[in-house]
Amino acid sequence: MPTHVPQLTGRVHVAPDRDELYDDLGSALLQAARQAVQERGRFHLALSGGSTPEQFYLRLVTDPRFRDLPWGQTHFWQVDERCVSEEDERCNYAMIRETLADHVPMRHRQKHPIPAMSERPAAAYEHEMREVFEEMVEIPRLDFVLLGMGDDGHTASLFPHSPALREHDALFAVNEGRHVTPPARVTMTYPLLNAARRLAVLVTGGKKAEAVRQVEAQLIQCPNPVELPITGLDPIDGELTWYLDAEAAGSD
Ligand code: 6PG
């Protein structure tokens, strides 16, 4: 099947199938983790929910090639969470815990679920992140952020036309209202995402091909984060890489 490589911001990596794509993404993650630990002694990893990354998380814990991931020096963060309890099947952290976090040798204090049911979850999570980073920087730099993309071009819980798109200061925002698919969400904002060292967007399956095509068309003209929030990803001093399987890339 001829491989189509869409023109998107940053690097675009297209693999023939999901299996190879997970291999490539896992290798990139391992490399980033090793580099972070070597240079800074810690690896700050942020993970998304949704159905796309589940198989990838399982692969990370079962494939011997990824056994050397430095879990002992890793901190897990969440890209976004639904404002529901951990017992609710829509809870992203429950999925991340079941597929990955419960199966890797990490101490409790290295895992940072979003306190989605607390009174001021966005502020509380920002406070926790700033305490762990200990650096007096305006915006902490995450080492590797794994993102997905919805059919409507949302990423994290940044939905088209939603209020969190306008957050320019805080690291996290509660996103709710008529433009947000319920329940309310807590999400990373553009300032935090775009400060990261690496952003990886994982998109798989033919059902996402149309969204990828729309993002490509929009980016060729000019990014429009209000209509297609994923086009607002624009790392200041980091790398953005798209990981697509051939179906999502629109190969025929
Ligand atoms: C979430 C995500 C979200 C997700 C996209 C794609 O909590 O749902 O963080 O941004 O990545 O909605 O979701 P799917 O992988 O289920 O298509």
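**View 1. W77 meets its partner on β5.** In this predicted model, W77 has H112 in β5 as its bridge partner. Zoom out a little and you'll see strand β3, residues 74-78, running parallel to β5, with two bridges joining them.

**View 2. Seven strands side by side in an open sheet.** Follow the strands across and you get the order β1-β10-β9-β6-β2-β3-β5, with parallel pairing. At the edges sit β1 (11-15) and β5 (111-112), each of which pairs on one side only.

**View 3. Helices α2 and α3 cross.** Here α2 covers residues 54-62 and α3 covers residues 92-99; their axes come within 9 Å and cross at roughly 30 degrees. Angles under 35 degrees count as roughly parallel, so that's what we call α2 and α3. Their crossing is right-handed. Looking at who touches whom, α2 brings E54, Y57, L58 and V61, while α3 brings M95, I96 and T99. Sorted by class, this contact has five nonpolar residues, one polar and one charged.

**View 4. A three-stranded open sheet with a helix packed on it.** This one reads β4-β8-β7, and the pairing is antiparallel. Its edge strands are β4 (80-82) and β7 (172-175), each pairing on one side only. From one strand to the next, the twist averages 15 degrees. Between β7 and β8 (residues 185-188), which run antiparallel, there are four bridges. Want a pair to look for? A173 has T187 in β8 as its bridge partner. Helix α4 (residues 121-133) packs on this sheet and touches β7 and β8, and its direction makes about 160 degrees with that of β7.

Methods: Residues numbered from 1 in each chain as written. Predicted model: local features only at pLDDT ≥ 70, side-chain atom pairs only at ≥ 80, totals over all residues. Heavy atoms only, no water. Pairing = 2+ DSSP bridges. Axes fitted to C-alpha atoms, helices over the stretch in contact; angles between N-to-C directions. Parallel < 35°, antiparallel > 145°, perpendicular 65-115°, else oblique. Left-handed = near helix turned anticlockwise from the far one by under 90°. Contact = heavy atoms within 4.5 Å. Nonpolar A, V, L, I, M, F, W, Y, C, P; charged D, E, K, R; others polar.
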